[in-house]
Amino acid sequence: MPKPALRFYNTLNRQKDIFTPIDPDHIRLYVCGPTVYDRIHIGNARPVVVFDVLARLLRYVYPNVTYVRNITDIDDKINARAAERGITIRKLTNETTKYFHNDCRALGAIPPDHEPRATDHIDGMIAMIETLITRGHAYEAEGHVLFDVPSFPAYGKLSGRSTDELRAGARVEVAPYKKSAMDFVLWKPSDDDTPGWDSPWGRGRPGWHIECSAMSRAYLGEVFDIHGGGLDLIFPHHENEICQSCAAHDHTEMARVWMHNGYVTVSGEKMSKSLGNFVTMSELLDKTRGEVIRHSLLQAQYRGPLDFSYDAMTESEAALSGLYRALGDAPIDMDAPVDDAFLEALSDDLNTPLALARLHQLANMVNRGDEAARPVLKRSAELLGLLSDTATAWFHHSRQDDGIDDASIQALIDQRRQARADRNFAEADKIRDELTAHGITLEDKADETIWRRG
Ligand SMILES: [Zn+2]
(Lines give C-alpha, C1' and ligand atoms only; values in the text may rest on other atoms or scores of the structure.)
Protein backbone atom coordinates (compact mmCIF):
# COMPACT_ATOMS: atom_id res chain seq x y z
CA MET A 1 0.00 0.00 0.00
CA PRO A 2 1.48 3.42 -0.89
CA LYS A 3 2.50 5.53 2.05
CA PRO A 4 0.25 8.51 2.65
CA ALA A 5 1.76 11.95 2.16
CA LEU A 6 2.03 13.47 5.61
CA ARG A 7 1.30 17.20 5.85
CA PHE A 8 2.39 19.20 8.86
CA TYR A 9 2.01 22.85 9.70
CA ASN A 10 5.52 24.26 10.07
CA THR A 11 5.83 27.20 12.47
CA LEU A 12 8.97 28.27 10.56
CA ASN A 13 7.12 29.26 7.38
CA ARG A 14 3.59 29.33 8.81
CA GLN A 15 2.13 26.92 6.30
CA LYS A 16 1.18 23.30 5.94
CA ASP A 17 3.77 21.46 3.86
CA ILE A 18 4.17 17.90 2.63
CA PHE A 19 6.65 16.29 5.02
CA THR A 20 9.91 15.43 3.24
CA PRO A 21 12.28 13.50 5.50
CA ILE A 22 16.00 14.26 5.48
CA ASP A 23 16.56 10.48 5.38
CA PRO A 24 13.40 8.39 4.76
CA ASP A 25 15.17 5.42 6.38
CA HIS A 26 15.57 7.26 9.66
CA ILE A 27 13.11 9.88 10.91
CA ARG A 28 14.37 11.97 13.84
CA LEU A 29 12.04 13.74 16.26
CA TYR A 30 12.90 15.88 19.30
CA VAL A 31 10.34 17.22 21.77
CA CYS A 32 11.08 19.45 24.77
CA GLY A 33 10.29 17.55 27.95
CA PRO A 34 9.25 18.71 31.42
CA THR A 35 11.22 20.67 33.98
CA VAL A 36 10.85 18.22 36.82
CA TYR A 37 10.16 20.25 39.96
CA ASP A 38 6.46 19.49 40.41
CA ARG A 39 3.62 17.23 39.26
CA ILE A 40 2.36 17.93 35.73
CA HIS A 41 -1.06 19.43 35.04
CA ILE A 42 -3.38 18.65 32.18
CA GLY A 43 -1.82 21.47 30.09
CA ASN A 44 1.56 19.71 30.34
CA ALA A 45 -0.11 16.41 29.44
CA ARG A 46 -1.21 17.71 26.05
CA PRO A 47 2.23 17.64 24.32
CA VAL A 48 2.84 14.17 25.81
CA VAL A 49 -0.26 12.86 24.03
CA VAL A 50 0.01 14.94 20.84
CA PHE A 51 3.63 13.98 20.11
CA ASP A 52 2.95 10.37 21.08
CA VAL A 53 0.34 10.30 18.31
CA LEU A 54 2.84 11.91 15.94
CA ALA A 55 5.48 9.27 16.81
CA ARG A 56 2.92 6.47 16.29
CA LEU A 57 1.96 7.90 12.89
CA LEU A 58 5.59 8.32 11.81
CA ARG A 59 6.34 4.73 12.89
CA TYR A 60 3.36 3.48 10.88
CA VAL A 61 4.60 5.25 7.74
CA TYR A 62 8.39 4.95 8.07
CA PRO A 63 10.59 1.97 8.97
CA ASN A 64 12.77 3.65 11.57
CA VAL A 65 11.94 6.56 13.87
CA THR A 66 14.00 7.94 16.75
CA TYR A 67 11.97 9.97 19.22
CA VAL A 68 13.85 11.93 21.90
CA ARG A 69 12.18 13.83 24.75
CA ASN A 70 14.46 15.33 27.38
CA ILE A 71 14.13 15.80 31.11
CA THR A 72 15.21 19.23 32.36
CA ASP A 73 16.60 18.35 35.77
CA ILE A 74 18.67 21.48 36.43
CA ASP A 75 16.83 24.78 36.64
CA ASP A 76 16.38 27.61 39.12
CA LYS A 77 12.83 26.46 39.93
CA ILE A 78 14.26 23.03 40.79
CA ASN A 79 16.99 24.58 42.95
CA ALA A 80 14.44 26.71 44.80
CA ARG A 81 12.01 23.83 45.40
CA ALA A 82 14.78 21.45 46.59
CA ALA A 83 16.12 24.11 48.98
CA GLU A 84 12.57 24.74 50.28
CA ARG A 85 12.13 21.04 50.99
CA GLY A 86 15.67 20.57 52.32
CA ILE A 87 16.51 17.80 49.83
CA THR A 88 19.05 17.44 47.03
CA ILE A 89 18.00 18.35 43.51
CA ARG A 90 18.68 14.75 42.51
CA LYS A 91 16.16 13.47 45.05
CA LEU A 92 13.56 16.02 43.92
CA THR A 93 14.09 15.37 40.20
CA ASN A 94 14.13 11.56 40.61
CA GLU A 95 10.87 11.69 42.54
CA THR A 96 9.21 14.09 40.09
CA THR A 97 10.44 12.11 37.06
CA LYS A 98 8.89 8.96 38.54
CA TYR A 99 5.54 10.76 38.89
CA PHE A 100 5.87 12.06 35.34
CA HIS A 101 6.47 8.55 34.01
CA ASN A 102 3.43 7.25 35.91
CA ASP A 103 1.30 10.02 34.39
CA CYS A 104 2.64 9.25 30.89
CA ARG A 105 1.84 5.56 31.38
CA ALA A 106 -1.69 6.40 32.53
CA LEU A 107 -2.08 8.51 29.38
CA GLY A 108 -1.10 5.50 27.26
CA ALA A 109 2.00 7.25 25.89
CA ILE A 110 4.77 5.00 24.57
CA PRO A 111 8.10 6.03 26.18
CA PRO A 112 10.39 7.91 23.77
CA ASP A 113 13.43 6.04 22.44
CA HIS A 114 15.73 8.28 24.47
CA GLU A 115 14.95 10.42 27.47
CA PRO A 116 18.18 12.24 28.30
CA ARG A 117 18.57 14.12 31.56
CA ALA A 118 20.23 17.51 31.20
CA THR A 119 22.66 16.83 34.06
CA ASP A 120 24.06 13.83 32.14
CA HIS A 121 24.99 16.14 29.24
CA ILE A 122 26.83 19.01 30.92
CA ASP A 123 30.06 18.15 29.01
CA GLY A 124 28.25 18.43 25.67
CA MET A 125 26.82 21.81 26.71
CA ILE A 126 30.23 23.12 27.77
CA ALA A 127 31.76 21.92 24.47
CA MET A 128 29.01 23.67 22.47
CA ILE A 129 29.46 26.91 24.45
CA GLU A 130 33.22 26.78 23.79
CA THR A 131 32.53 26.39 20.06
CA LEU A 132 30.16 29.37 20.15
CA ILE A 133 32.82 31.51 21.84
CA THR A 134 35.47 30.40 19.29
CA ARG A 135 33.13 31.24 16.43
CA GLY A 136 32.44 34.69 17.80
CA HIS A 137 28.80 34.04 18.77
CA ALA A 138 29.25 34.08 22.54
CA TYR A 139 31.26 35.96 25.14
CA GLU A 140 32.18 35.64 28.79
CA ALA A 141 31.25 38.37 31.25
CA GLU A 142 31.43 38.24 35.05
CA GLY A 143 31.31 34.45 35.27
CA HIS A 144 28.43 34.30 32.79
CA VAL A 145 28.63 33.25 29.18
CA LEU A 146 26.12 34.99 26.91
CA PHE A 147 24.99 34.38 23.37
CA ASP A 148 25.72 37.41 21.25
CA VAL A 149 22.35 37.79 19.52
CA PRO A 150 23.36 40.55 17.03
CA SER A 151 26.03 38.10 15.71
CA PHE A 152 23.23 35.91 14.37
CA PRO A 153 21.18 37.94 11.84
CA ALA A 154 18.50 35.25 11.35
CA TYR A 155 17.43 35.61 15.00
CA GLY A 156 13.67 36.07 15.28
CA LYS A 157 12.77 34.02 12.19
CA LEU A 158 10.82 31.30 14.03
CA SER A 159 8.79 33.64 16.21
CA GLY A 160 8.43 36.19 13.40
CA ARG A 161 9.77 39.01 15.56
CA SER A 162 11.95 41.74 14.13
CA THR A 163 15.19 42.68 15.87
CA ASP A 164 13.65 46.06 16.75
CA GLU A 165 10.69 44.41 18.46
CA LEU A 166 13.01 42.06 20.29
CA ARG A 167 15.21 44.91 21.47
CA ALA A 168 12.15 46.80 22.74
CA GLY A 169 10.84 43.64 24.43
CA ALA A 170 14.09 43.00 26.28
CA ARG A 171 14.27 46.46 27.85
CA VAL A 172 13.44 45.50 31.45
CA GLU A 173 16.24 45.11 33.97
CA VAL A 174 19.07 44.48 31.58
CA ALA A 175 22.06 42.96 33.37
CA PRO A 176 24.99 45.42 33.13
CA TYR A 177 27.34 42.78 31.72
CA LYS A 178 25.20 42.20 28.61
CA LYS A 179 26.48 43.74 25.36
CA SER A 180 22.96 43.75 23.91
CA ALA A 181 19.70 43.62 25.83
CA MET A 182 18.67 40.62 23.68
CA ASP A 183 21.69 38.49 24.65
CA PHE A 184 20.77 35.43 26.68
CA VAL A 185 22.56 33.20 29.15
CA LEU A 186 24.39 30.04 28.08
CA TRP A 187 26.19 29.53 31.39
CA LYS A 188 25.84 31.19 34.77
CA PRO A 189 27.88 31.10 37.97
CA SER A 190 26.75 29.04 40.99
CA ASP A 191 27.47 30.07 44.56
CA ASP A 192 28.41 27.45 47.16
CA ASP A 193 24.78 26.70 48.03
CA THR A 194 23.70 26.20 44.42
CA PRO A 195 24.32 23.08 42.32
CA GLY A 196 27.15 23.61 39.88
CA TRP A 197 29.75 22.01 37.64
CA ASP A 198 33.35 22.97 36.89
CA SER A 199 33.77 24.76 33.59
CA PRO A 200 36.34 26.94 31.80
CA TRP A 201 34.35 29.91 33.24
CA GLY A 202 34.36 28.69 36.82
CA ARG A 203 31.85 26.64 38.76
CA GLY A 204 28.38 27.17 37.35
CA ARG A 205 25.36 25.72 35.60
CA PRO A 206 23.90 25.82 32.10
CA GLY A 207 21.09 28.04 30.87
CA TRP A 208 17.92 26.20 29.89
CA HIS A 209 18.14 26.73 26.10
CA ILE A 210 21.62 25.21 25.62
CA GLU A 211 20.40 21.97 27.21
CA CYS A 212 18.11 21.11 24.30
CA SER A 213 20.69 22.14 21.67
CA ALA A 214 23.27 19.80 23.23
CA MET A 215 20.91 16.88 23.87
CA SER A 216 19.25 16.93 20.45
CA ARG A 217 22.68 16.99 18.82
CA ALA A 218 23.88 14.05 20.96
CA TYR A 219 21.01 11.78 19.88
CA LEU A 220 19.81 13.15 16.54
CA GLY A 221 22.77 14.95 14.97
CA GLU A 222 23.22 18.55 13.90
CA VAL A 223 20.11 18.77 11.72
CA PHE A 224 17.03 16.60 12.21
CA ASP A 225 13.48 16.29 10.92
CA ILE A 226 10.97 17.54 13.47
CA HIS A 227 11.24 19.60 16.64
CA GLY A 228 8.14 19.84 18.78
CA GLY A 229 6.88 21.51 21.93
CA GLY A 230 4.19 23.76 23.33
CA LEU A 231 3.27 27.10 21.76
CA ASP A 232 4.76 28.95 24.73
CA LEU A 233 8.22 27.58 23.85
CA ILE A 234 8.45 29.31 20.44
CA PHE A 235 9.92 32.40 22.06
CA PRO A 236 12.42 32.57 23.52
CA HIS A 237 13.25 28.88 24.04
CA HIS A 238 13.08 27.54 20.48
CA GLU A 239 14.33 30.76 18.92
CA ASN A 240 17.38 30.47 21.16
CA GLU A 241 17.86 26.75 20.47
CA ILE A 242 17.93 27.52 16.75
CA CYS A 243 20.56 30.24 16.94
CA GLN A 244 22.76 28.21 19.31
CA SER A 245 22.65 25.07 17.15
CA CYS A 246 22.93 26.81 13.79
CA ALA A 247 25.78 29.05 14.97
CA ALA A 248 27.67 26.15 16.59
CA HIS A 249 27.24 23.75 13.66
CA ASP A 250 27.37 26.28 10.83
CA HIS A 251 24.01 25.25 9.39
CA THR A 252 21.06 27.39 8.34
CA GLU A 253 18.57 25.07 10.04
CA MET A 254 18.40 23.00 13.24
CA ALA A 255 15.22 21.09 12.47
CA ARG A 256 13.33 21.05 9.21
CA VAL A 257 9.83 21.20 10.71
CA TRP A 258 8.80 22.97 13.92
CA MET A 259 5.49 21.80 15.39
CA HIS A 260 3.78 23.47 18.34
CA ASN A 261 0.73 22.35 20.29
CA GLY A 262 -1.81 24.90 21.54
CA TYR A 263 -2.73 25.66 25.12
CA VAL A 264 -5.17 23.91 27.38
CA THR A 265 -7.49 26.62 28.62
CA VAL A 266 -9.96 26.96 31.48
CA SER A 267 -12.92 29.17 30.56
CA GLY A 268 -10.79 30.57 27.74
CA GLU A 269 -7.74 31.37 29.87
CA LYS A 270 -4.43 29.45 29.53
CA MET A 271 -4.00 26.82 32.25
CA SER A 272 -0.76 27.51 34.08
CA LYS A 273 0.98 27.08 37.38
CA SER A 274 1.37 30.85 37.71
CA LEU A 275 -2.35 31.58 37.22
CA GLY A 276 -3.26 28.83 39.69
CA ASN A 277 -6.11 27.57 37.46
CA PHE A 278 -4.56 24.19 36.87
CA VAL A 279 -5.73 20.63 37.48
CA THR A 280 -2.91 18.16 38.02
CA MET A 281 -2.89 14.78 36.35
CA SER A 282 -2.94 13.09 39.76
CA GLU A 283 -6.12 15.00 40.79
CA LEU A 284 -7.74 14.07 37.52
CA LEU A 285 -6.68 10.42 37.71
CA ASP A 286 -8.56 10.19 41.03
CA LYS A 287 -11.73 11.08 39.15
CA THR A 288 -11.31 9.39 35.80
CA ARG A 289 -8.94 7.12 33.96
CA GLY A 290 -6.00 7.93 31.73
CA GLU A 291 -7.66 6.78 28.52
CA VAL A 292 -10.53 9.22 29.10
CA ILE A 293 -8.07 12.09 29.60
CA ARG A 294 -6.18 11.03 26.47
CA HIS A 295 -9.40 10.93 24.44
CA SER A 296 -10.43 14.38 25.63
CA LEU A 297 -6.98 15.79 24.75
CA LEU A 298 -7.41 14.50 21.18
CA GLN A 299 -10.83 16.07 20.68
CA ALA A 300 -9.34 19.30 19.38
CA GLN A 301 -6.78 19.57 16.59
CA TYR A 302 -3.42 19.95 18.36
CA ARG A 303 -2.63 23.49 17.19
CA GLY A 304 -5.80 25.08 18.53
CA PRO A 305 -6.73 25.75 22.13
CA LEU A 306 -8.47 23.00 24.08
CA ASP A 307 -10.84 24.06 26.82
CA PHE A 308 -10.71 21.79 29.85
CA SER A 309 -13.91 20.81 31.64
CA TYR A 310 -15.20 17.89 33.65
CA ASP A 311 -18.19 17.75 31.26
CA ALA A 312 -15.77 17.08 28.40
CA MET A 313 -14.29 14.20 30.44
CA THR A 314 -17.78 12.72 30.91
CA GLU A 315 -18.41 13.03 27.16
CA SER A 316 -15.10 11.30 26.40
CA GLU A 317 -15.96 8.46 28.76
CA ALA A 318 -19.30 7.96 27.01
CA ALA A 319 -17.64 8.12 23.59
CA LEU A 320 -15.10 5.48 24.60
CA SER A 321 -17.85 3.26 26.02
CA GLY A 322 -19.57 3.41 22.64
CA LEU A 323 -16.38 2.41 20.84
CA TYR A 324 -15.61 -0.40 23.30
CA ARG A 325 -19.16 -1.73 23.00
CA ALA A 326 -18.62 -2.14 19.25
CA LEU A 327 -15.16 -3.60 19.78
CA GLY A 328 -16.35 -6.39 22.08
CA ASP A 329 -14.12 -9.11 23.47
CA ALA A 330 -13.53 -11.54 20.59
CA PRO A 331 -9.89 -11.91 19.48
CA ILE A 332 -8.83 -9.46 16.80
CA ASP A 333 -6.71 -9.98 13.71
CA MET A 334 -3.98 -7.39 14.17
CA ASP A 335 -2.88 -7.78 10.54
CA ALA A 336 -5.94 -5.76 9.57
CA PRO A 337 -5.21 -2.50 7.75
CA VAL A 338 -5.67 0.92 9.26
CA ASP A 339 -8.75 2.58 7.74
CA ASP A 340 -7.92 4.80 4.74
CA ALA A 341 -10.17 7.71 5.70
CA PHE A 342 -8.87 7.58 9.27
CA LEU A 343 -5.26 7.63 8.07
CA GLU A 344 -6.01 10.48 5.69
CA ALA A 345 -7.39 12.54 8.59
CA LEU A 346 -4.36 11.88 10.76
CA SER A 347 -1.95 12.55 7.88
CA ASP A 348 -3.49 16.00 7.45
CA ASP A 349 -1.57 17.73 10.26
CA LEU A 350 -2.90 15.28 12.87
CA ASN A 351 -6.59 16.06 12.42
CA THR A 352 -7.58 14.00 15.45
CA PRO A 353 -11.19 15.30 15.71
CA LEU A 354 -11.86 13.97 12.20
CA ALA A 355 -9.96 10.74 12.96
CA LEU A 356 -12.09 10.21 16.09
CA ALA A 357 -15.27 10.84 14.10
CA ARG A 358 -14.14 8.16 11.66
CA LEU A 359 -13.65 5.70 14.55
CA HIS A 360 -17.31 6.24 15.47
CA GLN A 361 -18.34 5.56 11.85
CA LEU A 362 -16.36 2.32 11.97
CA ALA A 363 -18.06 1.41 15.26
CA ASN A 364 -21.46 2.05 13.64
CA MET A 365 -20.50 -0.28 10.80
CA VAL A 366 -19.63 -3.00 13.33
CA ASN A 367 -22.94 -2.41 15.14
CA ARG A 368 -24.79 -2.87 11.85
CA GLY A 369 -23.17 -6.29 11.44
CA ASP A 370 -20.05 -5.50 9.41
CA GLU A 371 -17.60 -7.80 11.22
CA ALA A 372 -14.72 -6.83 8.91
CA ALA A 373 -14.84 -3.29 10.34
CA ARG A 374 -14.05 -4.55 13.85
CA PRO A 375 -10.29 -5.27 13.39
CA VAL A 376 -10.00 -2.10 11.29
CA LEU A 377 -11.48 -0.14 14.21
CA LYS A 378 -8.98 -1.66 16.62
CA ARG A 379 -5.96 -1.12 14.36
CA SER A 380 -6.94 2.47 13.59
CA ALA A 381 -7.60 3.33 17.24
CA GLU A 382 -4.16 2.00 18.07
CA LEU A 383 -2.59 4.88 16.11
CA LEU A 384 -4.34 7.25 18.53
CA GLY A 385 -3.32 5.08 21.49
CA LEU A 386 -6.97 4.23 22.24
CA LEU A 387 -8.96 0.98 22.67
CA SER A 388 -6.00 -1.01 23.91
CA ASP A 389 -8.23 -2.95 26.37
CA THR A 390 -11.02 -5.42 25.76
CA ALA A 391 -14.61 -4.30 26.22
CA THR A 392 -14.95 -6.33 29.42
CA ALA A 393 -11.82 -4.80 30.93
CA TRP A 394 -13.13 -1.32 30.03
CA PHE A 395 -16.60 -1.83 31.48
CA HIS A 396 -15.37 -3.63 34.58
CA HIS A 397 -12.82 -0.97 35.36
CA SER A 398 -12.95 -0.29 39.05
CA ARG A 399 -13.46 3.31 40.05
CA GLN A 400 -12.46 4.26 43.54
CA ASP A 401 -15.93 5.50 44.46
CA ASP A 402 -17.76 2.32 43.37
CA GLY A 403 -17.18 0.70 46.73
CA ILE A 404 -17.51 -2.79 45.26
CA ASP A 405 -14.95 -5.07 43.64
CA ASP A 406 -15.32 -7.44 40.68
CA ALA A 407 -15.49 -10.62 42.78
CA SER A 408 -18.33 -9.24 44.95
CA ILE A 409 -20.24 -8.17 41.84
CA GLN A 410 -19.90 -11.62 40.33
CA ALA A 411 -20.97 -13.27 43.61
CA LEU A 412 -24.13 -11.11 43.72
CA ILE A 413 -24.90 -11.88 40.08
CA ASP A 414 -24.57 -15.62 40.82
CA GLN A 415 -26.90 -15.28 43.83
CA ARG A 416 -29.40 -13.42 41.67
CA ARG A 417 -29.34 -16.12 38.98
CA GLN A 418 -29.98 -18.71 41.67
CA ALA A 419 -32.86 -16.65 43.10
CA ARG A 420 -34.40 -16.40 39.64
CA ALA A 421 -33.94 -20.14 39.07
CA ASP A 422 -35.77 -20.63 42.37
CA ARG A 423 -38.48 -18.22 41.13
CA ASN A 424 -37.68 -15.95 44.11
CA PHE A 425 -38.10 -12.77 42.08
CA ALA A 426 -38.33 -10.47 45.09
CA GLU A 427 -34.82 -11.57 46.14
CA ALA A 428 -33.52 -11.28 42.55
CA ASP A 429 -34.85 -7.70 42.29
CA LYS A 430 -33.33 -6.82 45.65
CA ILE A 431 -29.91 -7.92 44.42
CA ARG A 432 -30.28 -5.97 41.20
CA ASP A 433 -31.20 -2.84 43.20
CA GLU A 434 -28.16 -3.30 45.37
CA LEU A 435 -25.91 -3.49 42.29
CA THR A 436 -27.65 -0.49 40.73
CA ALA A 437 -26.92 1.47 43.91
CA HIS A 438 -23.22 0.78 43.25
CA GLY A 439 -23.57 2.06 39.68
CA ILE A 440 -23.48 -1.43 38.15
CA THR A 441 -25.65 -2.04 35.09
CA LEU A 442 -26.78 -5.60 34.31
CA GLU A 443 -27.73 -7.00 30.97
CA ASP A 444 -29.32 -10.46 30.93
CA LYS A 445 -28.44 -12.65 27.97
CA ALA A 446 -29.72 -16.18 27.29
CA ASP A 447 -27.05 -17.97 29.28
CA GLU A 448 -25.19 -15.26 31.17
CA THR A 449 -25.49 -11.84 32.75
CA ILE A 450 -23.13 -9.14 31.48
CA TRP A 451 -22.32 -6.27 33.80
CA ARG A 452 -20.62 -2.92 33.52
CA ARG A 453 -19.86 0.01 35.71
CA GLY A 454 -21.75 3.23 34.99
ZN1 LIG B 1 13.84 22.52 24.58
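1. Angles between elements are taken between N-to-C directions, along axes that are lines fitted to C-alpha atoms, and they run from 0 to 180 degrees. The structure discussed here is a predicted model. With that convention, helix H6 (residues 208–220) lies across S3, S4 and S9, and runs at about 155° to S4.

2. The strands that H6 covers belong to an open sheet of 4 strands, whose order is S4-S3-S9-S10 and whose pairing is parallel. Strand S4 (65–69) and strand S10 (255–261) each have a single partner strand and stand at the edges, so one side of each is left without a neighbour in the sheet. From one strand to the next, the twist averages 20°.

3. Within this sheet, strand S9 (residues 224–230) and S10 run parallel and are joined by 6 bridges. Phe-224, for instance, has Ala-255 in S10 as its bridge partner. Another helix, H1 (residues 42–61), lies across strand S3 (27–31), S4, S9 and S10, and its direction is at about 180° to S3.

4. A further open sheet has 3 strands in the order S12-S11-S13, and its pairing is mixed. Here strand S12 (269–270) and strand S13 (306–307) are the edge strands; each has a single partner strand, so one side of each is left without a neighbour in the sheet. Strand S11 (residues 264–266) pairs with S12 in the antiparallel sense over 2 bridges. In one of these strands, S12, Glu-269 is the bridge partner of Val-266.

5. Antiparallel pairing also links strands S6, S7 and S8. Strand S6 (residues 144–147) pairs with strand S7 (residues 184–189) over 3 bridges, and Leu-146 has Val-185 in S7 as its bridge partner. S7 is in turn joined by 3 bridges to strand S8 (residues 204–206), where Arg-205 stands opposite Lys-188.

6. The next two points concern helix packing. Two packed helices are described by the angle between their axes and the distance between the axes. Helix H12 (residues 352–367) packs against helix H13 (residues 373–383) at an angle of about 160°, with the axes 8 Å apart. Angles over 145 degrees count as roughly antiparallel, and H12 and H13 are therefore roughly antiparallel to each other. Their crossing is left-handed. On the H12 side, Leu-359, Leu-362, Ala-363, Met-365 and Val-366 take part; they meet Ala-373, Arg-374, Val-376, Leu-377, Ser-380 and Ala-381 of H13. By class, this contact of H12 with H13 has 9 nonpolar, 1 polar and 1 charged residues.

7. H13 also meets helix H10 (residues 310–327): the two axes come within 9 Å and cross at roughly 135°. That angle makes H10 oblique to H13. Leu-323, Ala-326 and Leu-327 of H10 make the contact with Arg-374, Leu-377, Lys-378 and Ala-381 of H13. The contact of H10 with H13 has 5 nonpolar, no polar and 2 charged residues.

8. A single residue deserves separate comment. Is Glu-291 buried or exposed? Glu-291, which lies in helix H9 (residues 290–297), has 22 C-beta neighbours inside 10 Å. A residue is buried if 20 or more other C-beta atoms lie within 10 Å of its own, so Glu-291 counts as buried. Apart from neighbours within four places in sequence, Glu-291 is in contact with Gly-108, Leu-320 and Leu-386. Thr-72 is 219 residues away from Glu-291 along the chain, and their C-alpha atoms are separated by 26 Å.

Methods: Residues are numbered from 1 along each chain as its sequence is written. This is a predicted model: local features need pLDDT of at least 70, side-chain atom pairs count only at pLDDT 80 or more; totals for chains, interfaces and linings use all residues. A residue is buried if 20 or more other C-beta atoms lie within 10 Å of its own, exposed if 12 or fewer, and partly exposed in between; C-beta atoms are placed from the backbone. Two residues are in contact if their C-beta atoms, placed from the backbone, lie within 7 Å. Two strands pair if DSSP finds at least two bridges between them. Angles under 35 degrees count as roughly parallel, over 145 as roughly antiparallel, 65 to 115 as roughly perpendicular and the rest as oblique. A crossing is left-handed if the near helix is turned anticlockwise from the far one by less than a right angle, and right-handed if clockwise. Ala, Val, Leu, Ile, Met, Phe, Trp, Tyr, Cys and Pro count as nonpolar, Asp, Glu, Lys and Arg as charged, and the others, Gly among them, as polar.
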